[in-house]
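Me: I have a structure open on my screen and would like to talk it through. Could you take my questions one at a time?

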Amino acid sequence: QRVTGKASTFADMLPAADLDWNPVFATLYANGREVPEEVARAVVRSDTQATVGVVGSRYTIVPHRDLAALGDAVLSASGGSLRVANAGHRQNGARVFMQLESADIMPHAGARSLLTLATSHDGTSTARAGFSSVVIVCRNTYAKAFKDCGDGLVIRHTEYDFIGRVKLRRRHILLREPGVHAIFPPCAAT
């Protein structure tokens, strides 16, 4: 599921991108028996109860609404130099992405400048925010844009409760300063 459009914020784009739901923990069952929470838990969509992943006991959900709020804070701080470009998910919501676009943050000849925000609800990867020149349209472009963002903000799902929230809060504060591009170092253009 992917949507591009004229939404002015990610909050406005969530329903069209099929992201108007929350990832929540649910009891996991195997062979008809309940799996202890300290062993593993299921992450399900709040709207359909469909399982999007199975995670360990240390995993903490990084809600995609938090990434949308971060994206909207960057958008607001950009003074109009950014716009909402793209949002969606892969694997029924297991991997979520959002992209902001600008013509002047990464002025490489012919390269698009995209701030990519991504998280996984299946325990397979970190939450990230950083620059890429790749528009996400499929699994391969998702993987490339995700890799490009490695020099930006990276939050491990096992540290989100404390350290991750501190990092996100710090980013919100720093975004009030001029020069949004100084917050997330640009990644190499492709």
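What follows is a set of questions and answers on cores, rings, strands and loops.

Me: Before we start, what kind of model is this, and how are residues numbered?

Reply: This is a predicted model, in which local features need pLDDT of at least 70 and side-chain atom pairs count only at pLDDT 80 or more, while totals for chains, interfaces and linings use all residues. Side-chain values use heavy atoms, with hydrogens and water left out, and residues are numbered from 1 along each chain as its sequence is written.

Me: Which element gives the largest share of the largest nonpolar core?

Reply: A nonpolar core here is a set of buried Ala, Val, Leu, Ile, Met, Phe, Trp, Tyr and Cys residues joined through side-chain atoms within 4.5 Å. Buried means under 20% relative accessible area, exposed over 50%, and partly exposed in between, with a 1.4 Å probe and protein chains only. The largest core has 25 residues, and Phe10, Leu19, Val84, Ala87, Met98, Leu100 and Leu117 touch the most other members. Elements giving it two or more residues include helix H1 (10–13), strand S7 (83–90) and strand S8 (95–102), but the largest share, five residues, comes from H2.

Me: How many residues are in the other core that lies apart from it?

Reply: Among the members of that other core are Ala118, Val134, Ile136 and Phe146. In general, nonpolar side chains of soluble globular proteins tend to be buried together. The count for this other core is seven residues.

Me: How far does H2 reach from its first C-alpha to its last?

Reply: Helices are DSSP runs of H or I with at least four residues, strands are runs of E with at least two, and both are numbered from the N terminus. H2 covers residues 64–77, and His64, Leu67, Ala68 and Leu70 are among its buried residues. The expected span of a helix is 1.5 Å times one less than its number of residues. With 14 residues, H2 comes close to the expected 20 Å, its own reach being 20 Å.

Me: Which geometry do the rings of phenylalanine 25 and tyrosine 59 adopt, stacked or edge-to-face?

Reply: Rings of Phe, Tyr and Trp (its six-membered ring) pair if their centres lie within 6.5 Å; planes under 30 degrees apart count as stacked, over 60 as edge-to-face and the rest as tilted. Phenylalanine 25 sits in strand S2 (residues 23–26) and tyrosine 59 in the loop between strand S6 (51–55) and H2, 34 residues apart. Phenylalanine 25 is partly exposed at 33% relative accessibility, whereas tyrosine 59 is buried at 7%. Their ring centres are 6.3 Å apart and their planes lie at 85°, so the pair is edge-to-face.

Me: Which residue has its charged end over the ring of phenylalanine 25?

Reply: A charge sits over a ring if NZ of Lys or CZ of Arg is within 6 Å of the ring centre and within 35 degrees of the ring normal. Here the charged end is 3.7 Å from the centre of the phenylalanine 25 ring, and it belongs to arginine 41.

Me: Which residues do ring pairs link into a cluster?

Reply: Phenylalanine 97 in S8 and tyrosine 142 in helix H3 (residues 139–148) are 45 residues apart. Their ring centres are 6.1 Å apart with planes at 65°, so this pair is edge-to-face. Phenylalanine 97 is buried at 2%, tyrosine 142 is buried at 3%, and arginine 90 lies over the face of tyrosine 142 at 5.2 Å from the ring centre. The cluster joined by ring pairs is Phe97, Tyr142 and Phe146.

Me: Why is one side of each edge strand left without a neighbour in the open sheet, and which strands are they?

Reply: Two strands pair if DSSP finds at least two bridges between them. Three strands form this open sheet in the order S2-S5-S6, with antiparallel pairing, and S2 and S5 pair over four bridges. Alanine 26 stands opposite alanine 42 in S5. One side of each edge strand is free because each has a single partner strand, and these strands are S2 and S6.

Me: Where is glutamate 37, and is it buried or exposed?

Reply: Glutamate 37 lies in the loop between strand S4 (33–34) and strand S5 (41–45). Its C-alpha is 9.3 Å from that of alanine 26, with their positions 11 residues apart in sequence. Because its relative accessibility is 55%, glutamate 37 counts as exposed.

Me: What is phi of aspartate 18?

Reply: Aspartate 18 lies in the loop between H1 and S2 and counts as partly exposed because its relative accessibility is 25%. Its phi is positive in a residue other than glycine, with a value near 55°.
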